[in-house]
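Q: Could you take me through one part of this model at close range? I would like to hear about the strands at the start of the chain, and then how the rest of the chain fits around that picture.

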Amino acid sequence: MKTFVIAGHSYSAQDCIDDILINPVLPDDFDSTPIDARTEEHIAAWYNLPYIVVKEYQADTYRDYCDRCLSTFKPMTVDAFMLVIADNEKLGLRITQAGKRTGFIAFRLDAGTGQRFGDWSIVWTMP
């Protein structure tokens with residue numbers, strides 16, 4: 001981990017690009033502490049600060065997809081599923097030999113997300 005200074009506050013993270021932390025070390029209970037229970041110093045350092053968490057996900061097989069969505073909606077056909085996989089590959093989603101994909105999730109702490117951090121976006125490739 002490296003140390004980065006943004007607006008006078010120090011952070012530990014894997015990297016920092018244009019004041020956006022990549023895989024930062026987050027304070028204990030960061031994702032479960034209500035905003036009104038955080039210190040002024042914590043709010044000054046983290047409120048509205050964007051950061052990205054890089055996660056590796058296991059790619060769905062058709063069976064995984066069906067099992068996951070049967071409780072909420074009717075799954076698409078296997079042919080439609082394969083078309084989605086092909087379209088995703090055209091958009092840059094690549095599944096590794098181990099059947100995994102990497103996602104980049106953008107977050108920031110704000111009050112609009114039920115008093116905790118907000119996940120603002122997920123992308124499967126970085127431009």
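A: Happy to; what follows starts with the opening strands, dwells on one residue there, and then moves on to the helices.

Please keep in mind that this is a predicted model. For orientation, the chain has 3 helices and 6 strands, and their order along the sequence is β-β-β-α-β-α-α-β-β. The part you asked about is the β-β-β stretch that opens this pattern.

Let's begin with the pairing of E1 and E2. Strand E1 covers residues 2–6 and strand E2 covers residues 9–17. The two run antiparallel and are joined by 5 bridges. At the turn end, Ile6 has His9 of E2 as its bridge partner. The strands form a hairpin with 2 residues between them. One residue of that turn, Ala7, has a positive phi of about 50°.

The chain then makes another hairpin, from E2 into E3. Strand E3 spans residues 20–24 and pairs with E2 over 4 bridges, again in the antiparallel sense. Here Ile17 is matched with Ile20 of E3, and Cys16 stands opposite Leu21. E2 therefore pairs with E1 on the one hand and with E3 on the other, where a pair of strands must share at least two bridges to count. This hairpin also has 2 residues between its strands.

Asp18 deserves a pause. Asp18 sits in the loop between E2 and E3 and takes a positive phi of about 50°, although it is not a glycine. Its relative accessibility is 73%, so Asp18 counts as exposed, the cut-off being over 50%.

E3 itself is mostly covered, with 4 of its 5 residues buried. Within this strand lies Asn23, the residue I would zoom in on. Asn23 has a relative accessibility of 17% and therefore counts as buried, since the limit for that class is under 20%. Like Asp18, which has a positive phi of about 50° without being a glycine, Asn23 is a non-glycine residue with a positive phi of about 50°. The side chain of Asn23 reaches the backbone nitrogen of Val54 at 2.8 Å. Leaving aside residues up to four places away in sequence, Asn23 touches Met1, Ala13, Gln14, Ile52, Val53 and Val54. Of these neighbours, Ala13 and Gln14 fall within the residue range of E2. Val54 appears both among the contacts of Asn23 and as the residue whose backbone nitrogen its side chain reaches.

Now to the helices. Helix H1 covers residues 40–46 and includes Ala44. With a relative accessible area of 48%, Ala44 is partly exposed. There is a link back to the opening hairpin here: the C-alpha atoms of Ala44 and Gly8 are 9.9 Å apart, while the two residues are 36 apart in sequence.

Helix H2, residues 62–69, has Tyr65, Cys66 and Cys69 as buried residues. Viewed down the helix axis, these buried residues fall within an arc of 95°, so they line one face of H2. The face turned away from that buried side carries the exposed residues Arg63 and Arg68. Arg63 also meets Asp67 in a salt bridge between their side chains, at 3.3 Å from N to O. The two residues are 4 apart in H2, so about one helical turn separates them. A search of the whole structure finds 1 salt bridge.

Helix H3 runs over residues 78–90 and contains Ile85. Ile85 is partly exposed, its relative accessible area being 21%. Between the C-alpha atoms of Ile85 and Asp60 the separation is 9.8 Å, and the two residues are 25 apart along the chain.

Finally, a few totals for the chain as a whole. Of its 127 residues, 27% are buried. Among contacts with a separation of 6 or more, 50% are between residues 24 or more positions apart. The chain exposes about 8,600 Å², and carbon and sulfur atoms supply 54% of that area.

Definitions and conventions
Residues numbered from 1 in each chain as written. Predicted model: local features only at pLDDT ≥ 70, side-chain atom pairs only at ≥ 80, totals over all residues. Heavy atoms only, no water. Buried < 20%, exposed > 50% of the residue type's maximum accessible area, 1.4 Å probe, protein only. Arc of directions from axis to C-beta. Polar contact = N/O pair within 3.5 Å; in protein donor to acceptor, adjacent residues only side chain to side chain. Contact = heavy atoms within 4.5 Å. Salt bridge = Lys/Arg side-chain N within 4 Å of Asp/Glu carboxyl O. Areas by Shrake-Rupley, 256 points an atom, 1.4 Å probe, with all protein chains shown as cover.
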